[in-house]
Structures are given as C-alpha cells and as structure tokens.
Amino acid sequence: MLPRAINHVTTPELGFDALVALACDLGCVGIELRNDLPAALFDGQDPALAGQAARDAGLEILALAEVKSFNDWSDAKAEEADRLMAVAAACGARGVSLIPRNDGHGLGNGERQANLRIALRELKPMLDAHGLLGFVEPLGFEHCSMQYKSEAVEIIEALNADHCIKLVHDTFHHHLAGGGPVFPDQTGIVHVSGVTLAGIPAREMTDQHRLLVDGQDRLGSVHQVEALLASGYSGLISMEAFAPEVHAYNDPKTELLRSFSFIETRLAEEAA
C-alpha cells in the first residue's frame with residue numbers, strides 16, 4: 001500500500017476531528033490542512049492540542065496551506081508567512097505550503113526568476129528558525145508566475161536551500177506544464193487528482209475539473225507516480241481533489257478508498 005495522505009480540500013465540509021477520523025479509516029499516515037476553507041484551522045482548537053490529537057491517531061500533519069503569492073515578496077508577506085509558520089511549528093507540522101502568484105503578473109523571463117529568488121532567499125532563514133520545510137508548488141497554469149519545477153529547482157540549489165525548501169509534485173499541474181523531469185530528490189509531497197472531462201484542452205482545465213483518480217483520468221497521474229517511485233521518491237501520496245462532484249459525495253470514504261486502491265492496483269500491474 002502506498003503511504004497515503006489526504007488534503008482537506010478534498011472533503012472541505014468535514015471538521016478537523018472528522019478529517020482525522022476519515023484519514024484513519026483510509027489508512028492514511030498524513031493530512032494536509034488549509035487556511036482557505038470556511039472553517040478556521042483546527043476548527044479553532046489550540047494548534048498544539050490539535051497536533052497532539054493527530055499524532056495520537058497515528059497521523060502526521062504534513063503541511064499547513066498556504067502562503068499565497070509568496071513570490072510577491074514584501075514586509076507584509078513576510079509577516080503572513082511567519083504567522084503561518086508559527087502555527088505550523090506549534091501543531092508539529094512538517095512544513096507550510098508556498099503558492100506562487102497566479103494572476104497573470106510577474107510572468108516575464110528574468111522577472112519571475114528574480115522574484116522567486118528574493119522570496120526563497122528571505123524564506124530560507126525563517127523556515128530554519130521554525131524548524132520547518134517550505135513546500136513550493138509550481139502551478140502549471142499559463143497565467144502563473146511559477147509554471148515550471150525546473151526554475152524552482154535551479155534557484156533552490158543556487159541558494160543552498162534544498163534542506164528546507166522542497167517541491168510539491170502535483171499531477172494536475174505537472175500535466176498543465178507539459179510534463180518534464182519529476183525531480184524525485186527535491187520532492188516533498190505528491191498531490192494526485194484526475195481529470196476525466198473529454199475534449200477540454202489542458203490550457204482550459206481548472207481546479208474545478210479535478211476529480212479522484214480512476215481509469216478515465218487524462219492527466220496520467222498513475223504514470224507520474226510510477227515515474228517518481230521508480231526514480232527513488234518514497235514520500236507520501238496525497239489526494240487533492242477540488243471538484244464540486246467530489247465534495248458532494250455522500251460516502252467519501254468509499255470513493256476515496258476506491259481511488260487509492262485503483263492507483264495501487266495499476267502500479268502493481270505495471271511493476272509485474
């Protein structure tokens with residue numbers, strides 16, 4: 001069985017305690033929490049107590065998401081990042097998610113690299129001080145200021161920050177970016193989802209199309225996970241589905257178990 005995890009956006013209607021219970025029922029070893037859902041982080045519980053509750057259930061809090069537009073750096077952005085890091089450290093999370101600017105600005109060649117370098121340079125000592133990882137997620141969209149993992153890796157290595165800054169490999173965003181190297185050694189978390197809608201080109205896909213992974217998936221999510229595992233990745237595989245259809249499931253446990261099992265069965269068949 002893969003080391004499973006679940007991102008809270010997959011079941012946003014669940015409170016923290018219910019998410020922990022679902023993750024346990026799914027055989028997960030980790031959960032990702034978000035600050036962009038209607039409910040407050042941990043449903044307002046003390047972060048330290050919530051983190052202990054997760055550990056008592058056999059779960060690790062992988063990341064708190066997210067510092068939005070992190071590469072649009074400013075004093076205010078630094079304060080925002082520090083606040084989230086403090087909460088992540090208090091709950092015992094592995095790290096925080098860093099999401100690039102995604103509004104069509106900062107796209108110019110040279111400009112985007114410079115902005116990313118400034119932000120990561122400033123984030124590095126902050127992450128070290130809190131004892132956390134920063135999970136950088138290239139989004140793949142044409143209007144995103146950080147489409148490609150290769151640019152992020154180049155800057156992370158130039159800053160000698162690979163001990164505290166890792167990539168998120170998201171099968172949806174990797175597909176939108178046209179594929180390319182998977183960088184297993186630099187990857188900290190893998191997000192999986194599936195798009196089944198026929199006929200829509202990649203440039204028109206949005207988060208709202210992201211379902212659970214099944215045999216109709218157009219992203220090649222199973223093959224992406226296979227490539228990562230074959231290259232040496234041994235971390236967690238986290239289900240992250242944004243589609244309203246997924247959020248409306250009456251029995252998310254059954255559907256999620258079916259999707260995880262599908263991925264694992266396909267991987268086993270490919271390995272045979």
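This note sets out points on helix packing, pockets, a cavity and backbone geometry in a predicted model.

1. Helix 3 against helix 4. Helix 3 spans residues 75–91, and its axis lies 10 Å from that of helix 4, at an angle of about 20 degrees. Angles under 35 degrees count as roughly parallel, and helix 3 is therefore roughly parallel to helix 4. The crossing of helix 3 over helix 4 is right-handed.

2. Residues joining helix 3 and helix 4. On the helix 3 side, the contact involves Ala-78, Ala-81, Asp-82, Met-85, Ala-86 and Ala-89. Helix 4 answers with Leu-123, Met-126, Leu-127 and His-130. Sorted by class, this contact comprises 8 nonpolar residues, 1 polar residue and 1 charged residue.

3. Helix 4 against helix 5. Helix 4 (residues 111–130) also packs with helix 5 (residues 149–158); their axes come within 10 Å and cross at roughly 45 degrees. The two helices are therefore oblique to each other. Helix 4 passes helix 5 in a crossing that is right-handed.

4. Residues joining helix 4 and helix 5. Helix 4 contributes Arg-112, Gln-113, Leu-116, Arg-117 and Leu-120 to this contact. From helix 5 come Glu-151, Ala-152, Ile-155, Ile-156 and Ala-158. The contact of helix 4 with helix 5 holds 6 nonpolar, 1 polar and 3 charged residues.

5. Helix 7 against helix 9. Helix 7 covers residues 221–230 and helix 9 covers residues 252–271; their axes are 10 Å apart and the packing angle is about 60 degrees. Helix 7 and helix 9 are therefore oblique to each other, and their crossing is right-handed.

6. Residues joining helix 7 and helix 9. Val-222, His-223, Val-225, Glu-226 and Leu-229 represent helix 7 in the contact. Their partners in helix 9 are Phe-262, Ile-263, Arg-266, Leu-267 and Glu-270. The class count for the contact of helix 7 with helix 9 is 6 nonpolar, 1 polar and 3 charged.

7. The largest pocket. The volume of the largest pocket is about 230 Å³. It is lined by 20 residues, of which Arg-34, Glu-66, Ile-99, Asp-207 and Phe-242 are the closest to its centre. Strand 2 (28–34) and strand 3 (60–67) are the elements that give two or more residues to this lining. By class, the lining of the largest pocket has 10 charged, 5 polar and 5 nonpolar residues.

8. A cis peptide bond in strand 3. The peptide bond from Ala-65 to Glu-66 is cis, with omega near 10 degrees. Glu-66 belongs to strand 3 and is among the lining residues closest to the centre of the largest pocket. A colleague inspecting that pocket may wish to note the cis bond between Ala-65 and Glu-66.

9. The second largest pocket. The second largest pocket encloses about 170 Å³ of space. Its lining consists of Thr-196, Leu-211, Leu-212, Val-213, Asp-214, Tyr-249, Glu-255, Arg-258, Ser-259 and Phe-262. These residues divide into 5 nonpolar, 2 polar and 3 charged. Phe-262 of this lining is also one of the helix 9 residues that meet helix 7.

10. The cavity. The structure holds 1 cavity of 30 Å³ or more. The largest cavity has a volume of about 70 Å³. His-8, Phe-16, Leu-33, Arg-34, Leu-37, Ala-39, Ala-40, Leu-41, Phe-42 and Asp-43 line this cavity, with 7 nonpolar, 1 polar and 2 charged residues among them. Arg-34 therefore deserves a second mention: this residue lines the cavity and is also among the residues closest to the centre of the largest pocket.

11. A positive phi at Asn-160. Asn-160 has a positive phi of about 50 degrees, although this residue is not a glycine. Asn-160 is located in the loop between helix 5 and strand 6 (165–170).

Conventions: Residues are numbered from 1 along each chain as its sequence is written. This is a predicted model: local features need pLDDT of at least 70, side-chain atom pairs count only at pLDDT 80 or more; totals for chains, interfaces and linings use all residues. Side-chain values use heavy atoms; hydrogens and water are left out. Axes are lines fitted to C-alpha atoms, for helices over the stretch in contact, and angles run from 0 to 180 degrees between N-to-C directions. Helices (H or I, at least four residues) and strands (E, at least two) are DSSP runs, numbered from the N terminus. Angles under 35 degrees count as roughly parallel, over 145 as roughly antiparallel, 65 to 115 as roughly perpendicular and the rest as oblique. A crossing is left-handed if the near helix is turned anticlockwise from the far one by less than a right angle, and right-handed if clockwise. Contact means heavy atoms within 4.5 Å. Ala, Val, Leu, Ile, Met, Phe, Trp, Tyr, Cys and Pro count as nonpolar, Asp, Glu, Lys and Arg as charged, and the others, Gly among them, as polar. On a 1 Å grid over the protein atoms alone, a cavity is a set of points where a 1.4 Å probe fits but cannot get out, and a pocket is an open set with protein on both sides within 12 Å along at least five of seven lines; lining residues have an atom within 4 Å of a point. Grid points are joined across faces, edges and corners, and a volume is the space filled by probe spheres set on the points.
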